[in-house]
Amino acid sequence: DGYTDEDQLASISRPYLLNLTKILRWPVALACIEGVELVLRDNTDKASPLAIEHFSSGYRVPLLGSASGPCILANLSIARQQDILTVLNKTGRLREQSDEDITQIIHRLKAIRKQGYSVHSRQRTKSYVGYMRISDLTSISVPIAGQTKEAIGAITIRYATDALTREKALDDFMPLLAKTAADISKKVTSNNIFEESLVASN
């Protein structure tokens, strides 16, 4: 019927994402790994009064050039991490996305898994009449666990870096982000989503 596990995950997650933005005001997104790419499945950009950018569902992001990508990768098996990173390396995309080699990346992924979240900062350049304005954006991602406890996606909140310190952002956002990810994970499990993926991986 063309309705994928990722579609179901997005449908289940939608009210949770909207609730996060209603409370925290910043835009929130759901992303999944497809092959060796990170794909945006849903977001609350239009519902957030603080969204600087607006992305559409299906938007593809470099796997390692984000908070969501490493967050999901960190919560996959070492074998799957190796497979994905090997493909990125063989296709030349690893070098485009990171200055680290596979061993260094896997070491960083272990740290991300241990702390329970991933953080990524980037500069956003926007042209105005007569001058250029650069606005830094920071993203914090938490994983959504599937049936096997491996990540099936990630929830990411995006905020203006100069609006608050990283420490305050983590203090303000992490409790609700972590709870929301856990609630979505429970709903995914109860709805038996990603069961075929589970069978295929065994």
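Strands here are DSSP runs of E at least two residues long, numbered from the N terminus. Keep in mind that this is a predicted model.

**Exercise 1.** Work out which strand gives the most to the lining of the second largest pocket, and describe the lining.

*Solution.*
1. Start with the space itself: the second largest pocket holds about 370 Å³.
2. Go to the centre next. The lining has 22 residues, and F55, V61, S66, S139 and R158 are the ones closest to the middle.
3. Now look at the strands. At least two lining residues come from each of β1 (28–34), β2 (37–43), β3 (60–61), β4 (118–128), β5 (131–145) and β6 (151–160).
4. The top contributor is β2, with four residues.
5. Finish by sorting the lining by class: 11 residues are nonpolar, seven polar and four charged.

**Exercise 2.** Find out how the buried and exposed residues of α5 are arranged around the helix, then check its length and its two ends.

*Solution.*
1. Take the length. Helix α5 runs over residues 102–115, 14 in number, and spans 20 Å from first C-alpha to last, close to the 20 Å expected at 1.5 Å a residue.
2. Pick out the residues under 20% relative accessible area: I102, I105, I106, L109 and I112 are buried.
3. Look down the axis: the buried residues of α5 fit within an arc of 115 degrees, so they line one face of the helix.
4. Turn to the other side, where T103, H107, K110 and K114 are exposed.
5. Check the start: a side-chain oxygen of D101 comes to within 3.2 Å of the backbone nitrogen of T103.
6. Then check what follows α5: G116, with a positive phi near 90 degrees.

Notes
Residues are numbered from 1 along each chain as its sequence is written. This is a predicted model: local features need pLDDT of at least 70, side-chain atom pairs count only at pLDDT 80 or more; totals for chains, interfaces and linings use all residues. Side-chain values use heavy atoms; hydrogens and water are left out. On a 1 Å grid over the protein atoms alone, a cavity is a set of points where a 1.4 Å probe fits but cannot get out, and a pocket is an open set with protein on both sides within 12 Å along at least five of seven lines; lining residues have an atom within 4 Å of a point. Grid points are joined across faces, edges and corners, and a volume is the space filled by probe spheres set on the points. Ala, Val, Leu, Ile, Met, Phe, Trp, Tyr, Cys and Pro count as nonpolar, Asp, Glu, Lys and Arg as charged, and the others, Gly among them, as polar. The expected span of a helix is 1.5 Å times one less than its number of residues. Buried means under 20% relative accessible area, exposed over 50%, partly exposed in between (1.4 Å probe, protein chains only). The arc is that of the directions from the helix axis to the C-beta atoms. A polar contact is a pair of N or O atoms within 3.5 Å; within protein, one must be able to donate a hydrogen and the other to accept it, and residues adjacent in sequence count only if both atoms are side-chain atoms.
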